[in-house]
Every structure is written in C-alpha cells, then in structure tokens.
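Hello,

Here is the structure I promised to send you. Please open it alongside this email, and then read on for what I found in it.

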Amino acid sequence: MSKLPIVTIPAAGLREKTRPVTRFDADLQRLIDDMVDTMRQANGVGLAAPQIGLPIKLAVIETLPEEDDDGNEIEGTRDLFVVVNPEIYWMSKETMKGLEGCLSIPGYIGEVERAESIRVRGLDRHGRKFRLRFDDWDARIFQHEIDHLNGILYIDKLTAPENIWTEEEFEAMRAARQENTDEEQSAVVGD
Ligand SMILES: [Zn+2]
C-alpha cells in the first residue's frame, strides 16, 4: 500500500461532480487500499476520491472508536466502511451542530449543522449493495464525505460565516472556555 497525495483548496477538482464507479477490478481494490492507508496516515476519519484528485463516487470512512472511562480508545471498536456510489435516501429532521475539519482544508475547524441520523445506500468494494443507518458522529462523517462526491465542502455549510477558526485559535478558545466552565468538549471530526 502506498500513501497518495491529498489535494487541498483551492484545487478545482474538489468542486467537480463525480461519476459512478462501474468496474470493481483489481485496480479499484488497490486504489481503495491506498485510500485507507492515506486516511490513516493523515489521522483522518474519512477520505473521498476527489481529495486524491479522482472524480469518482468512492469514499472510505473509519468511525470514531469507543472510549473507556479514562478516555482511552478501546481497540477493535472502529469500523471501516468503503462506500461506492452512495446515496443518502433519508435524513432525520433533527439536526445537530458539530465541529469539522477536512484534510483538504488543513489547519482549520468549522461548525456545521447536520442531520442527526441518515440512511445510506450504495455499494461496497466488491459491488455488493448495502443499506445502513448512521447516527450522531458517524452520520456527520458520512454526510461530509458524500458532500465531497458532489463538490461540496464543509465551509459551504458553516453555521455562520465567522464560525471557522484556525487550529491555534480553536485551541486558545477551548483553553479559555475550560478555565471558565467545566463544560464537556465535543470531539472534532477531522476528515
Ligand atoms: Zn473533507
């Protein structure tokens, strides 16, 4: 497996529509393995084909791990999904605001409102049909990645134009907030 170069804004390829995958051959399997490798090496939770310069409907997603009472990752609790030609065919009316990053927009974090639950259909890496429901953070990751396949970035969907911060600004804000309150902070999804 090898690491692929990640395309960052303002690359035009991030804004293009993608075409469906039709061949589930050895080349596709190799590409998927490379994308998984690239996502993990970049500490991302998702990577869509346009982010490596390919205008096709393919994304890899790895859900966040469960944590024990001390906040340590419980091994074996992350799920890897390969989604081909995905479609969100149902979204909950309930939405939630959350923080997102993107490997194609390095160094920034923004607040986005997303459906709390979604149902997705598509094909797996071998072209087999799947239908799955996702909630909370997993639903957020899927919405972010499927947006990539339609040329949409999270910066298009900020809760307000000013609700985007550099990682440094965000850390400073978080530190200041922690001094003032015991408020629990939510995780940042970086993909
Ligand atoms: Zn992204």
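**A look through the model**

In strand 6, the bridge partner of Trp90 is Arg119. That pair belongs to the junction between strand 3 (residues 80–91) and strand 6 (residues 117–123), which run antiparallel and are joined by 5 bridges. Two strands count as paired if DSSP finds at least two bridges between them. Helices (H or I, at least four residues) and strands (E, at least two) are DSSP runs, numbered from the N terminus.

Before going further, a word on the source. This is a predicted model, in which local features need pLDDT of at least 70 and side-chain atom pairs count only at pLDDT 80 or more, while totals for chains, interfaces and linings use all residues. Residues are numbered from 1 along each chain as its sequence is written.

How confident is the prediction? pLDDT is the predictor's confidence in each residue, from 0 to 100. The mean pLDDT of the protein is 92, and 94% of its residues reach 70 or more. Among the elements, strand 6 has the highest mean pLDDT (98), and strand 9 (residues 189–190) has the lowest (66).

**The sheet**

The protein has 3 helices and 9 strands. Starting at the N terminus, their order is α-β-β-β-β-β-β-β-α-β-α-β. One open sheet is built from 5 strands in the order 1-2-3-6-7, with antiparallel pairing. Its edge strands, each pairing on one side only, are strand 1 (46–48) and strand 7 (129–135). On average, neighbouring strands of this sheet are turned by 40° against each other, direction ignored; the axes are lines fitted to C-alpha atoms (for helices over the stretch in contact), and angles run from 0 to 180 degrees between N-to-C directions.

Try following strand 2 (58–62). Strand 1 and strand 2 run antiparallel and are joined by 3 bridges, and the partner of Leu47 in strand 2 is Val60. Strand 2 also pairs with strand 3 in the antiparallel sense, over 5 bridges, and here Ile61 stands opposite Phe81 in strand 3. Strand 2 is mostly covered, with 4 of its 5 residues buried. A residue is buried if 20 or more other C-beta atoms lie within 10 Å of its own, exposed if 12 or fewer, and partly exposed in between, with C-beta atoms placed from the backbone.

**The helices**

Helix 1 (residues 26–41) lies across strand 1, strand 2 and strand 3, and runs at about 45° to strand 2. Helix 2 (residues 136–148) packs on the sheet and touches strand 1, strand 2, strand 3, strand 6 and strand 7. The direction of helix 2 makes about 125° with that of strand 7. Contact here means that the C-beta atoms of two residues, placed from the backbone, lie within 7 Å.

Which helix is enclosed, and which is hardly covered? Helix 2 is largely enclosed by the rest of the structure, because 11 of its 13 residues are buried; among them are Ile141, Phe142 and Ile146. Helix 3 (residues 167–180) is hardly covered: the count of buried residues among its 14 residues is 0.

**The whole protein**

Of the 191 residues, 30% count as buried. The C-alpha atoms fill a box of roughly 55 × 35 × 35 Å, taken along the principal axes. Residues 24 or more positions apart account for 69% of the contacts with a separation of 6 or more.

Enjoy exploring, and best wishes!

Notes:
Expected span 1.5 Å × (residues − 1).
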